[in-house]
Amino acid sequence: MGCWVLHTVWFSRLSPRLGRALTGMLSGLLLAPCYASADTNTLAPALITGVFNVLFAGGYEAAQGAFLMLGLSALIGLTVGIFVGRMSTSRPN
């Protein structure tokens, strides 16, 4: 719901293709899960985990897995946003 509000309020002024791509990328960044540490069984948001691991749990080496998940999910979200944009703007022959 929050990503839809972002798209409607902020990205509606941009071109439709760029707005959907940015919405997909932000959705991927905000919704990416990862494990908080190697010995836990619960998932946490990767953005929060990465920031907290950099600040409090040993620096970039501790947060590398979370940042890898963030990059991968941003790429997937961007791809989905572009793909959905192409599907919704296509016209029948």
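**Figure 1. Contacts of G19 in the predicted model.** Leaving aside neighbours within four places in sequence, G19 touches H7, F11 and L14. The structure shown is a predicted model. G19 itself is part of helix α2. With a relative accessibility of 0%, G19 counts as buried, because the term applies to residues under 20% relative accessible area.

**Figure 2. G19 and I82, a pair separated in sequence.** Along the chain, 63 residues separate G19 from I82. In space, the C-alpha atoms of G19 and I82 are 9.3 Å apart. For the chain as a whole, contacts with a separation of 6 or more were considered, and 38% of these join residues 24 or more positions apart.

**Figure 3. The nonpolar surface patch.** Ten side chains are named here: L30, L31, L47, I48, V51, F52, V54, L55, F56 and Y60 make a nonpolar surface patch of about 1000 Å². Two helices, α2 (16–31) and α3 (46–56), each supply at least two residues of this patch. The largest share comes from α3, which provides seven residues. Helix α2, one of the two contributors to the patch, is also the helix in which G19 lies.

**Figure 4. V54 within the nonpolar patch.** V54 is one of the residues that make the nonpolar patch, and its place is in helix α3. The relative accessibility of V54 is 35%, so the residue counts as partly exposed. This class lies between the limit for buried residues, under 20%, and that for exposed residues, over 50%. In α2, by contrast, G19 has a relative accessibility of 0% and counts as buried.

**Figure 5. The chain that frames the close-up views.** The chain contains four helices and two strands. Read from the N terminus, these elements follow the order α-α-β-β-α-α. The radius of gyration is 16 Å, well over the 12 Å that the globule rule gives for 93 residues, so the chain is more spread out than a compact globule. Taken along the principal axes, the box filled by the C-alpha atoms is roughly 55 × 25 × 20 Å.

**Figure 6. Burial and surface of the chain.** Of the 93 residues, 25% count as buried, and G19 in helix α2 belongs to this class. The accessible surface of the chain comes to about 6700 Å². Carbon and sulfur atoms account for 71% of that surface. The nonpolar patch, of about 1000 Å², includes L47, I48 and Y60.

Definitions and conventions:
Residues numbered from 1 in each chain as written. Predicted model: local features only at pLDDT ≥ 70, side-chain atom pairs only at ≥ 80, totals over all residues. Heavy atoms only, no water. Patch = residues over 30% accessible without salt bridge, like charges linked within 9 Å, V, L, I, M, F, W, Y side chains within 5 Å. Areas by Shrake-Rupley, 256 points an atom, 1.4 Å probe, with all protein chains shown as cover. Salt bridge = Lys/Arg side-chain N within 4 Å of Asp/Glu carboxyl O. Buried < 20%, exposed > 50% of the residue type's maximum accessible area, 1.4 Å probe, protein only. Contact = heavy atoms within 4.5 Å. Rg over C-alpha atoms; globule rule 2.2 N^0.38 Å.
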